[in-house]
Amino acid sequence: MGILEKIAEIEREIARTQKNKATEYHLGLLKAKLAKYRAQLLEPSKSAGAKGEGFDVMKSGDARVALIGFPSVGKSTFLSLMTSTASEAANYEFTTLTCIPGVIEYKGANIQLLDLPGIIEGAAQGKGRGRQVIAVARTADVVIMMLDATKGDVQRELLEKELESVGIRLNCSKPNIYFKPKKGGGLSYNSTVPLTHCSEKLVQLILHEYKIFNAEVLFREDSTPDEFIDVIVGNRVYMPCLYVYNKVDQISIEEVDRLAHRPNSVVISCGMKLNLDYLLETLWEYLALICIYTKKRGERPDFGDAIIMRRAATVEHVCHRIHRTLVGQFKYALVWGTSTKYSPQRVGLTHVMEHEDVIQVVKK
């Protein structure tokens, strides 16, 4: 029996098993096996096949955004509208067959936008270049999931399922569980909160499935067995996702209103160029980028060339970005902007910068 058949059998078993107190250990064990088989499926085959055309694109710019969606939902049209890159768009499916990069210039930042080929059901098992598409998506900072507003919620559910099966967790944070395998001493199990989903016996069963018999486990939140398996596997990617509903000009205003009020969702129309500016604003928020301007002594700030940093960046991060030797010569910095109590404020390396702050570094 191949891995795909084993996965299908376990999924059928999980679907027909009732969820109650008596079956939670059985379900936990099945989920652990499922995660193990899926991990094997994602490993590249040992026999090297013929070298094909390169798929991944070199990372460039200040952030990377991946466009994921089913064929013919408007990904290539969106890329052509947002960037100066022309991606072939037509009324038939699978117009795009490889990864096409473009650059969005917004608020002084260069955001790399990747137009990926359409995903079909079963992509996680390698159908329709699905595995390469999802591998590129794992390297992005934010995923934009393009959905056809005329198709309802079917596409969204299918895509979420495909991404979840390859270890991409959308819009959720890493489980607060401390886990460390040890050389000996058995299982040390503790929790700082009352647990409703996991118990010591279940944790032990899941660890045994992974051939781990000595470990330290500390739950700092009420996590599910799935989240605990994610911590053991350790290769999960937690990333923000923006659900973009395209073709809203073809549905009723009530339906547009319903979709627009869903969490992490934006409604647009590439054909009529509706709401694209709001999408860019939302994307900027999701990427958590800030602009910082530099100033030389006795001169006006240079507002033409911003340094793009991540939110919660400190003065030390800014110094590293300007030049790697600057931190060694750093005496103090003068900062103007919303992060200070008064302008200019004299600050040290640990001061946290905010959007559109101006900094002047004074060397020793």
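Which backbone oxygen does the side chain of R169 reach at 2.8 Å? The side chain of R169 reaches the backbone oxygen of E164, as the first of the views below sets out. The model is predicted, so that local features need pLDDT of at least 70 and side-chain atom pairs count only at pLDDT 80 or more, while totals for chains, interfaces and linings use all residues. Residues are numbered from 1 along each chain as its sequence is written, and side-chain values use heavy atoms, with hydrogens and water left out.

**View A. Surroundings of R169 in strand β5.** R169 lies in strand β5, residues 168-170 (strands are DSSP runs of E with at least two residues, helices runs of H or I with at least four, numbered from the N terminus). R169 counts as buried because its relative accessibility is 11%, buried being under 20% relative accessible area with a 1.4 Å probe and protein chains only. The side chain of R169 also makes a polar contact with the side chain of D230, at 2.8 Å (a pair of N or O atoms within 3.5 Å, of which, within protein, one must be able to donate a hydrogen and the other to accept it; residues adjacent in sequence count only if both atoms are side-chain atoms). Beyond its neighbours within four places in sequence, R169 is in contact (heavy atoms within 4.5 Å) with E164, D230, R236, V237, Y238 and M239.

**View B. The largest pocket.** The lining of the largest pocket has 25 residues, and R38, E164, S165, R169 and D226 lie nearest the centre. The elements giving two or more residues to this lining are α1 (3-16), α2 (24-42), α5 (154-165) and α7 (225-233), with the largest share, six residues, coming from α2. A pocket here is an open set of points on a 1 Å grid over the protein atoms alone where a 1.4 Å probe fits, with protein on both sides within 12 Å along at least five of seven lines, and lining residues have an atom within 4 Å of a point.

**View C. Helix α5 and the residue after it.** The end C-alpha atoms of α5 are 17 Å apart, which agrees with the 16 Å that its 12 residues should span at 1.5 Å a residue, the expected span being 1.5 Å times one less than the number of residues. Q155, R156, L159, E162, L163 and S165 are buried in α5, and the helix is followed by G167, whose phi is positive, near 85°.

How values were computed
Buried < 20%, exposed > 50% of the residue type's maximum accessible area, 1.4 Å probe, protein only.
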